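Reader: Mind walking me through this one? I'd like to start with the surface and then work inwards.

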Amino acid sequence: MQEELKMYELVLFFKISLTEQELKTKIERYRDFLTGKGSQVMVKNNGKISLAYAIKTFDTAMYIQMIYLGNGQVIKQLDTELQRDESLLRFVTTKLLEQSVPEMFVKV
């Protein structure tokens, strides 16, 4: 029996030392990983932000948001991949309660 897909938000903070091409490659890698598992993915690059406190001596980071469909198995596999990425400062996965897409991801 297959687990029902739920909507999740993934927030990624990448090291500011990445080049634009390296960041783009990382985003595509995780998007391809999720779509390969049968998910639908929306990505928003929020650019460089100042952090409230330093993480691994970095006080700025590249802030990426992903909204995707997944289940527990997909999230475990994705978390394993994210933990192996040394260019990531921090990541947080949150289950979205409502099945609506945040306004910022709706195309006008």
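Author: Sure. Accessible areas here come from the Shrake-Rupley method with a 1.4 Å probe. Keep in mind that this is a predicted model.

Reader: With that in hand, how much area does the chain expose, and what share do carbon and sulfur atoms supply?

Author: The exposed area comes to about 7100 Å². As for carbon and sulfur atoms, their share of it is 50%.

Reader: And what pattern does the chain follow along the sequence?

Author: Secondary structure amounts to 2 helices and 4 strands. Reading along the sequence, you get β-α-β-β-α-β.

Reader: Is Glu 4 buried or exposed?

Author: Glu 4 sits in the segment before β1 (6–15). Leaving aside neighbours within four places in sequence, Glu 4 is in contact with Gly 70 and Asn 71. Exposed means over 50% relative accessible area. Glu 4 has 57% relative accessibility, so Glu 4 counts as exposed.

Reader: On to helix α1: what span should its 17 residues have, and how far apart are the end C-alpha atoms?

Author: Helix α1 covers residues 20–36, and the rise is 1.5 Å a residue. The expected span uses one less than the number of residues. That gives 24 Å, and the end C-alpha atoms agree, being apart by 24 Å.

Reader: Which residues of α1 are buried, and where do they lie around the axis?

Author: The buried ones are Leu 23, Lys 26, Ile 27, Tyr 30, Phe 33 and Leu 34. They cover an arc of only 125 degrees around the axis, so they are on the same side of α1. In general, an α-helix has 3.6 residues a turn, so residues three or four places apart point the same way. On the other side of α1, the exposed residues are Glu 20, Gln 21 and Gly 36.

Reader: What do the buried residues of α1 pack against?

Author: There are both strands and a helix in the list. The partners are β1, β2 (41–55), β3 (58–70), α2 (72–83) and β4 (88–95).

Reader: Which element gives the largest share of the largest nonpolar core?

Author: That core has 20 residues, and Leu 12, Phe 14, Leu 34, Tyr 68 and Leu 78 touch the most other members. Two or more residues come from each of β1, α1, β3 and α2. The largest share, 5 residues, is from α1.

Reader: Last one: which residues does Leu 78 touch, not counting those up to four places away in sequence?

Author: Leu 78 is in the largest nonpolar core. Its partners are Leu 10, Tyr 30, Phe 33, Leu 34 and Tyr 68.

Methods
Residues are numbered from 1 along each chain as its sequence is written. This is a predicted model: local features need pLDDT of at least 70, side-chain atom pairs count only at pLDDT 80 or more; totals for chains, interfaces and linings use all residues. Side-chain values use heavy atoms; hydrogens and water are left out. Buried means under 20% relative accessible area, exposed over 50%, partly exposed in between (1.4 Å probe, protein chains only). Contact means heavy atoms within 4.5 Å. The arc is that of the directions from the helix axis to the C-beta atoms. A nonpolar core is a set of buried Ala, Val, Leu, Ile, Met, Phe, Trp, Tyr and Cys residues joined through side-chain atoms within 4.5 Å.
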